[in-house]
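Biologist: Could we go through this structure together? I would like to begin with one charged residue and then move on to other topics.

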Amino acid sequence: MKILVIGETCRDVFTYGICTRLSPESPVPVFNPIETITNDGMAKNVHSNILSLDIDCHLVTNPSWQDITKTRFIEKRSNHMFLRVDKNDTNYGRINLKNINFKEYDIVVISDYDKGFVTEEDIEAISRLHAVTFLDTKKKLGNWCENIKFIKINNFEYDKTKDSLTSQLKDKMIITLGGAGAQYQGRVFPVDKVEVKDVAGAGDTFIAGLVVKYSETQNISDSIDFANQCATLAVQKRGVSIVGGKNEVH
């Protein structure tokens, strides 16, 4: 079994610190950094999670991804994020589909953060080139994704696109609902209630678990249950985290 992930990648940087006072110059917190943790984010986070679940996975992403950073400044004790600073956020470039042999792969995952690396036309072309394509996108949905097999979006993204949905698109959609789980074709798949430390990257973990389980079972309901378990593990950890193998997910 071999999976291909296509999408934008950046470096996620988490700087943790302590705030004990306000600045005398203006009413803003004084942030004292303690530690900085760096992870591979966006599509590369999907790729890393799939690899951690013992599936062969390749990644096609922007070549300049290490120069693109999202730096978050977080108060360590409260886990409150004070600021996020994005650097080189326009340098994603554009994919060249001619360089990809889609016949090598059993499943294709498009992790689209809507930064221009994959366009609507690219996604439509990919869905014609491969029959089992999963889409996780920030774009407003339209007829360009009607040939996608499954579409994963969160509830906020659904609210932005619901007015443009056809019945065909609705049948393909898996909507993540945060602490309420996920919904597919009117059925809600619940999750256990846990202490949430960080939701960063949870959607990436969900789509990774979803496609891994589907590659084994071809059963979307079982796959959603497994994806929920993976995302639940992710939100209990700080920063962008990787599922630690199938033994961690029950």
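Modeller: Let us begin with D159, which is partly exposed because its relative accessibility is 45%, and the limits for that class are 20% and 50%. Please keep in mind that this is a predicted model.

Biologist: Which residue does D159 meet in a salt bridge?

Modeller: The partner is K162, and the N to O distance between the two side chains is 3.9 Å. K162 also counts as partly exposed, because its relative accessibility is 38%.

Biologist: Why can such side chains pair at all?

Modeller: Side chains that carry opposite charges can pair when their charged atoms come close.

Biologist: How many salt bridges does the structure hold?

Modeller: There are twelve salt bridges in the structure. Some have partners in common: D112, D114 and K139 are joined in this way into one network.

Biologist: What about D12, and what does its side chain meet?

Modeller: The side chain of D12 forms a salt bridge with that of R72, at 2.9 Å from N to O. This pair connects distant parts of the chain, since D12 is in strand β2 and R72 is in strand β5 (residues 69-75), 60 residues apart.

Biologist: Are D12 and R72 buried or exposed?

Modeller: D12 and R72 are both buried.

Biologist: And what is the salt bridge partner of D136?

Modeller: D136 pairs with K152, with 3.4 Å from N to O. D136 belongs to strand β8 (residues 133-137) and K152 to strand β9 (residues 150-154); the two residues are 16 apart and link distant parts of the chain. D136 counts as buried because its relative accessibility is 7%, and K152 counts as buried because its value is 5%.

Biologist: Let me change to the strands. In what order do the four strands of the open sheet lie?

Modeller: The order is β3-β2-β5-β6, and the pairing is mixed. β3 (29-42) and β6 are the edge strands: each has a single partner, so one side of each has no neighbour in the sheet. From one strand to the next, the twist averages 20°.

Biologist: In which sense do β2 and β3 pair?

Modeller: Strand β2 (residues 9-22) and β3 are antiparallel, with twelve bridges between them. As an example, I18 stands opposite N32 in β3.

Biologist: Where is F31, and how far is it from I18?

Modeller: F31 is in strand β3. Its C-alpha is 6.0 Å from that of I18, while 13 residues separate F31 and I18 in sequence. F31 is partly exposed, because its relative accessibility is 21% and the buried class ends at 20%.

Biologist: Now the other edge strand. Where does L83 lie?

Modeller: L83 lies in strand β6, which covers residues 80-87. L83 is partly exposed, with a relative accessible area of 47%. Together with F82 and V85, L83 makes a nonpolar surface patch of about 240 Å².

Biologist: Which residues of strand β10 are buried on its two faces?

Modeller: In strand β10 (residues 173-176), M173 and I175 are buried on one side, and I174 and T176 are buried on the other. Both faces are therefore covered.

Biologist: Which way does β10 run relative to β9?

Modeller: β9 and β10 run parallel and are joined by four bridges. N154 stands opposite T176 in β10.

Biologist: How does β10 pair with β11?

Modeller: β10 and strand β11 (residues 182-184) are antiparallel, with three bridges between them. One of the contacts has I174 with Y184 in β11 as its bridge partner. Five residues lie between the strands of this hairpin, and G178 takes a positive phi near 65° in it.

Biologist: One last topic. How many disulfides does the structure hold?

Modeller: The structure holds zero disulfides. The cysteine sulfur closest to that of C10 is in C57, 17 Å away, which is too far for a bond, since a disulfide requires two sulfur atoms within 2.5 Å. C230 is not in a disulfide either; the nearest cysteine sulfur, again that of C57, is 14 Å away.

Biologist: Are C10 and C230 buried or exposed?

Modeller: C10 counts as buried, because its relative accessibility is 0%. C230 counts as buried as well, because its relative accessibility is 0%.

Terms used
Residues are numbered from 1 along each chain as its sequence is written. This is a predicted model: local features need pLDDT of at least 70, side-chain atom pairs count only at pLDDT 80 or more; totals for chains, interfaces and linings use all residues. Side-chain values use heavy atoms; hydrogens and water are left out. Buried means under 20% relative accessible area, exposed over 50%, partly exposed in between (1.4 Å probe, protein chains only). Patches are made of residues with over 30% relative accessible area and no salt bridge: like charges are joined within 9 Å, nonpolar side chains (Val, Leu, Ile, Met, Phe, Trp, Tyr) within 5 Å. Accessible areas come from the Shrake-Rupley method with a 1.4 Å probe; for residues, only the protein chains shown count as cover. A salt bridge is a side-chain nitrogen of Lys or Arg within 4 Å of a carboxyl oxygen of Asp or Glu. Two strands pair if DSSP finds at least two bridges between them. Axes are lines fitted to C-alpha atoms, for helices over the stretch in contact, and angles run from 0 to 180 degrees between N-to-C directions.
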